[in-house]
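Here is a short dialogue on reading the fold and the charged side chains of a protein model. A learner asks and a teacher replies.

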Amino acid sequence: ENIQVDALYSGYVGSDAQFPIIREVFQRLRRKDTLIMVDPVMADNGRLYRGFEPDFPDYMLKLCAAAHIITPNITEACLMLGCEYKEPPYDENYIKTLLGGLYLKTHADIVLTGVSFDERKIGAAVFDGKTVSYVFAERIPVAYHGTGDIFTSTLTAAYLRDRSLKSAAQIAANFTARCIKKALTDNREERFGVDFETQIPYLIKYLEL
């Protein structure tokens with residue numbers, strides 16, 4: 001069909017065998033200016049998701065090296081680097097160590113999620129290989145499935161609308177927090193994820209500002 005895509009974005013990968021397929025898709029469909037986004041969805045709270053072998057982070061790291069932007073959380077960054085996982089709140093030296101290590105191995109811009117320096121806010125560290133900056137939103141004491149997917153999808157949308165990476169990350173943080181608040185207000189079961197669909201009009205406003 002000769003479809004020209006502006007971006008290619010990979011998230012959860014179910015098995016080692018899928019990695020070469022994804023890399024082939026990247027190679028076949030990308031143009032010179034096609035954005036490659038990789039969210040290395042595989043772990044949280046200090047451990048790999050069930051069903052993944054210990055060498056899975058090594059495969060994911062190679063996929064991240066094919067991307068322009070990656071969005072790991074703290075656990076995923078630690079696993080790909082072989083670093084010790086620490087519980088929040090974090091200090092800046094720890095965050096900068098993870099960012100520097102990932103950049104050396106991938107040469108991708110990094111939006112490291114789950115960054116928190118106190119109990120009131122949570123957000124992301126943005127690193128382009130030279131400068132570290134931070135974006136934060138209100139920490140909401142609940143954990144819904146799929147919020148990482150919403151964050152990276154929103155980040156991609158904002159970045160494709162010519163926002164800086166930091167600005168796109170802030171929009172993503174704000175929108176994700178809004179979706180979580182709505183789900184909490186509606187007493188939505190955590191296993192069903194957040195009600196992001198009803199919040200899309202607010203996302204449009206964020207992108208138009």
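The turns below go from the whole chain to its salt bridges.

Q: What kind of model is this, and how many helices and strands does the chain have?
A: The model is predicted. Its chain has seven helices and eight strands.

Q: How compact is the chain for its 209 residues?
A: The radius of gyration is set beside the value from the globule rule for a chain of that length. Here the radius is 17 Å and the rule gives 17 Å, so the chain is as compact as a globular protein of 209 residues. Along the principal axes, the C-alpha trace spans about 45 × 45 × 35 Å.

Q: What percentage of the residues is buried?
A: A residue counts as buried when its relative accessible area is under 20%. Of the 209 residues in the chain, 44% are buried. The accessible surface comes to about 11,500 Å², and carbon and sulfur atoms account for 50% of that surface.

Q: Among contacts between residues at least 6 apart in sequence, what percentage joins residues at least 24 apart?
A: In this chain the figure is 63%.

Q: How far apart are the mean positions of the positive and negative charges?
A: The chain has 24 positive and 28 negative charges, and their mean positions are 4 Å apart.

Q: How many salt bridges are there?
A: Side chains of opposite charge can pair when their charged atoms come close. The cut-off used here is a Lys or Arg side-chain nitrogen within 4 Å of a carboxyl oxygen of Asp or Glu. By this rule the count is eight.

Q: Which residue forms a salt bridge with Lys182, and are the two buried or exposed?
A: The partner is Asp186, with the closest N and O atoms 2.5 Å apart. Lys182 is partly exposed at 27% relative accessible area, and Asp186 is partly exposed at 40%.

Q: How should the pair of Asp118 and Arg120 be read?
A: Their closest N and O atoms are 3.4 Å apart, and the pair forms a salt bridge. Exposed means over 50% relative accessible area. Arg120 has 56%, so it is exposed, whereas Asp118 has 28% and counts as partly exposed.

Q: What is the N to O distance between Arg191 and Glu189?
A: Their side chains meet in a salt bridge at 2.7 Å. Arg191 is exposed at 57%, while Glu189 is partly exposed at 41%.

Q: Which residues are linked in a network of salt bridges?
A: One such network links Asp6, Arg31 and Asp33.

Conventions:
Residues numbered from 1 in each chain as written. Predicted model: local features only at pLDDT ≥ 70, side-chain atom pairs only at ≥ 80, totals over all residues. Heavy atoms only, no water. Helix = DSSP H or I, 4+ residues; strand = E, 2+ residues; numbered from the N terminus. Rg over C-alpha atoms; globule rule 2.2 N^0.38 Å. Buried < 20%, exposed > 50% of the residue type's maximum accessible area, 1.4 Å probe, protein only. Contact = heavy atoms within 4.5 Å. Areas by Shrake-Rupley, 256 points an atom, 1.4 Å probe, with all protein chains shown as cover. Lys, Arg positive; Asp, Glu negative; His and termini not counted. Charge placed at Lys NZ, Arg CZ, Asp CG, Glu CD.
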